[in-house]
Amino acid sequence: MSASRVQGIVERAEDLCRDLRLESVRRWKEQNGGLAIGFMPIWAPRELLRAQGCLPVGIMGGGEDVEIIKGDAFYQSYICHLPRSTIELALGGSLDVLDGMIFPAICDVIRNLSGIWKLRFPERLAYYFDSPQDFDPQIGGAFLRRELEEFSHALVQRGARPLETEALRESLAAYNANRARVQALYQLRRDEPWKVPTWELYLLQRAGLVAPVEEHDRMLDEYLAAIRADESRRPLDQARVVLTGSFCEQPPLGLIKTLERAGCYIVDDDFIQVGRWFKNPASLDGDPLDNLVNAFLRDSLESPTRYEEQGNKGEELVRRVADSRAEGVLFCTPSFCDPALLDQPMAVRAIEASGTPWTAFKYAENNGQFQVIREQAGTFADSIKLFSEALSP
Amino acid sequence: MTIAARKDRSQERQKQMIAEHFQRLGRARESGEKCVYTFVPGNLTELLRAFDLLPVLPEINALQSGMRGKSREYIGLAEKLGHSEDVCTYVKCDIGMLKSGNIGPTGERLPDPDLLLLSYTGCFTFLKWFELLRQEYRAPTVMLHVPYQADGQITPSQREYVVAQLKHKVIPALERVSGKKFDIDKLREQLRRSAQAEDDLVWVLQSARHRPSPIDAYFGGVYYIGPIFSAFRGTQEALEYYRELREEVAERIALGLGPVTPDGPLEREKFRVVVEGPPNWTSFREFWKMFADEGAVVVASTYTKVGGTYDLGFRHDPDRPLESLADYCLGCYTNLNLPTRVDVLCQYMDEYSADGLLVHSVKSCNSFSAGQLAMLNEVERRTGKPVGFLESDLVDPRYFSAANIKNRLESYFQMVAQKRAAAPRTEASAP
Ligand code: SF4
Ligand code: SF4
């Protein structure tokens with residue numbers, strides 16, 4: 001009974017994830033009348049959007065389901081796949097339902113995609129959201145606050161309601177509650193990975209990119225209840241690994257399943273980080289806009305796209321490995337992803353210094369063949385298990 | 001004095017300036033001079049010089065390694081050490097050079113940095129590059145984050161943010177490393193000289209409006225921007241260099257001469273083109289020669305604006321020292337959004353009476369390359385002039401396919417010639 005309940009929820013999430021024409025967003029607009037604003041990876045101020053009556057819609061490229069016809073004419077072969085499938089979606093009308101797009105400041109490709117948007121769709125809102133790399137509240141914080149205010153104003157000009165303090169506070173609370181649920185699922189997967197297969201968790205997070213936050217909450221609650229009740233999920237002898245490098249262009253679902261079938265329990269990852277970007281709840285006391293700014297400055301996840309003022313790159317990855325009691329690391333990066341691939345040697349250095357085994361491979365979101373990766377991940381998982389068996393008394 | 005002798009003088013002066021700078025760097029440990037590694041776009045040379053600090057520019061070292069035939073080995077070494085084949089080859093070339101003893105272009109060993117000044121303008125890779133170097137050198141790092149001109153203009157908020165970082169982060173870091181107090185008058189003096197040299201550089205670049213153009217604004221242009229884009233902006237030497245260069249170019253115009261190419265002076269200017277994108281450095285002369293063989297002169301290029309868009313009107317301003325440094329950083333070419341880059345290209349096509357646009361797209365550089373195809377189409381749509389697309393890399397010789405590029409160039413210029421032949425007579429016979 002619970003197994004089929006789980007299946008039903010996951011299927012619903014997968015439907016949302018594969019709904020490339022954003023029909024659910026269209027329905028939301030018909031019912032609610034607000035603006036739907038798309039955002040590219042990794043982070044966008046969803047709290048602010050919601051407070052102004054907008055639906056934030058995460059766009060992670062076209063994935064494996066989009067046939068690239070026009071997108072390749074926009075991008076050279078040595079540029080990652082995500083922007084070409086995103087432009088394909090836009091040119092094919094899939095994103096017409098969106099009233100605007102946010103391009104967060106994470107890399108030159110997304111940055112320049114904002115320019116392509118301006119050239120191709122001059123009538124649409126194409127907002128490059130510049131977040132600071134200086135994390136001093138008086139400097140970077142002041143800049144971020146002004147950015148948020150300007151963005152809020154741009155939304156009002158497009159028909160959103162003005163930002164009100166109470167609405168923003170309530171929105172911070174709503175996303176705090178949502179993050180708490182996502183984090184609880186991540187914790188449960190760390191503790192009992194056989195209960196929360198990563199491909200399911202992944203789909204649930206994808207659903208959260210398009211569903212309104214309350215609907216996503218309900219979905220997460222139902223899922224949590226269903227898997228807790230599902231007695232059929234039993235531990236297997238798999239290697240515990242942390243997967244890193246997949247924060248922007250997403251791997252095809254088949255790749256995630258392949259890794260799990262090859263003998264890996266993914267006990268931590270960096271897929272779709274927007275739902276977990278703040279490590280702790282944003283404060284609800286005082287000025288909520290300041291609280292949003294402070295959460296970004298002080299409480300964001302480590303990311304290759306974010307400058308590390310102190311310490312060494314990779315230290316947080318080492319901590320994540322320890323916290324999740326992982327036995328190995330998979331560097332799973334999109335081909336031609338500058339931030340991930342430039343970061344990797346530093347992360348590898350830290351991981352090697354900690355004595356943790358690792359392996360690395362690349363993908364594109366539309367890869368259909370996983371044979372090589374299956375063998376690589378399988379060999380990696382086997383070697384970890386053999387090693388831990390050899391060590392056990 | 002003959003024109004050849006005059007030409008030699010500016011080139012010789014530049015060579016000497018560079019040699020002396022590297023010698024000074026080579027002696028820095030004994031002389032006690034402090035070195036700051038930083039980047040070309042958004043460089044704060046005047047500010048560094050106001051603290052008597054010596055700039056080192058890893059990008060320049062990488063391109064020099066490319067020209068000296070060293071980059072293949074350096075990149076190979078970096079890849080062996082785990083750096084991905086997919087990423088910017090400047091970074092790998094620099095890491096490889098560091099791991100091979102950090103010998104600079106003039107044969108001197110470069111000093112380790114006393115400070116890494118991460119001026120983060122127009123490209124996200126800079127951030128990663130200095131994070132990587134910080135691990136190698138264990139040097140202190142100070143970041144200057146320069147927001148992107150996403151809407152084609154500098155906003156007061158962006159300027160305020162950059163100035164605040166200069167005041168509260170960068171200047172204190174420079175004071176610490178140099179042991180000197182910040183002297184704003186010394187900075188003003190440097191900025192005054194910068195503005196004068198910038199006037200002369202713009203004059204030189206805009207001399208390409210003449211027919212025939214006395215300069216090549218891409219292949220020749222990279223030499224002209226050398227001092228102002230690197231360690232010399234704001235110095236007396238740079239001022240003199242640009243004054244001399246201007247005089248030489250004025251003389252070429254008076255004599256009706258075209259540019260000097262690898263094979264000597266170009267006898268007949270057949271095609272005038274605008275080029276978008278950086279050059280290839282490993283086959284620089286061969287690449288240039290392919291243009292010259294076709295009688296093609298590059299009359300304007302965007303690469304010569306990565307270290308400052310002076311021809312679009314910006315000047316360093318001693319009366320607004322920090323604000324003008326902020327505006328400088330914010331205004332570098334790759335920090336402009338794509339629509340502005342398209343506007344600049346269309347403006348160049350018109351202003352320099354170009355026959356067409358060529359995009360040289362380099363694998364390394366997403367900052368330049370991501371979106372270039374869309375830009376190309378837009379420029380073609382707006383100007384109706386022929387556009388062409390070439391691909392290679394900055395310093396990885398594996399991506400420079402001479403035969404392929406030559407073929408493409410030949411077909412491109414054939415197309416330009418055909419289009420010109422088909423054009424109404426009024427255009428062909430215009431003075
Ligand atoms: S996959 Fe990497 S390079 Fe491509 S858009 Fe995302 S962050 Fe940028
Ligand atoms: S990506 Fe481009 S701008 Fe950035 S460091 Fe490399 S060559 Fe320079």
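Three exercises with worked solutions follow, on a strand pair, a ligand shell and a buried residue.

The model is predicted, with local features needing pLDDT of at least 70 and side-chain atom pairs counting only at pLDDT 80 or more, while totals for chains, interfaces and linings use all residues. Residues are numbered from 1 along each chain as its sequence is written, chains are lettered from A and ligands numbered from 1 in the order in which they are written, and side-chain values use heavy atoms, without hydrogens and water.

**Exercise 1.** Determine in which sense β7(B) and β8(B) pair.

*Solution.* Start with strand β7 (residues 271–276) of chain B, which pairs with β8(B) in the parallel sense over five bridges; pairing requires at least two DSSP bridges between the strands. Within this pair, B:V275 stands opposite B:S301. Then turn to β8(B), residues 296–301, where six of six residues are buried, that is, under 20% relative accessible area.

**Exercise 2.** Find which helix gives the most residues to the shell around ligand 2.

*Solution.* List the surrounding residues, among them B:C88, B:T125, B:F126, B:W129 and B:S364, where near means that a heavy atom lies within 4 Å. Helix α7 (residues 125–137) of chain B gives the most, with three residues.

**Exercise 3.** Establish whether A:D269 is buried or exposed, and which backbone atom its side chain reaches.

*Solution.* First locate A:D269 in the loop between β6 (264–268) and α11 (288–299) of chain A. Its relative accessible area is 2%, so A:D269 is buried. Finally, the side chain of A:D269 reaches the backbone nitrogen of A:F271 at 3.1 Å.

Note on methods
Buried < 20%, exposed > 50% of the residue type's maximum accessible area, 1.4 Å probe, protein only. Helix = DSSP H or I, 4+ residues; strand = E, 2+ residues; numbered from the N terminus. Polar contact = N/O pair within 3.5 Å; in protein donor to acceptor, adjacent residues only side chain to side chain.
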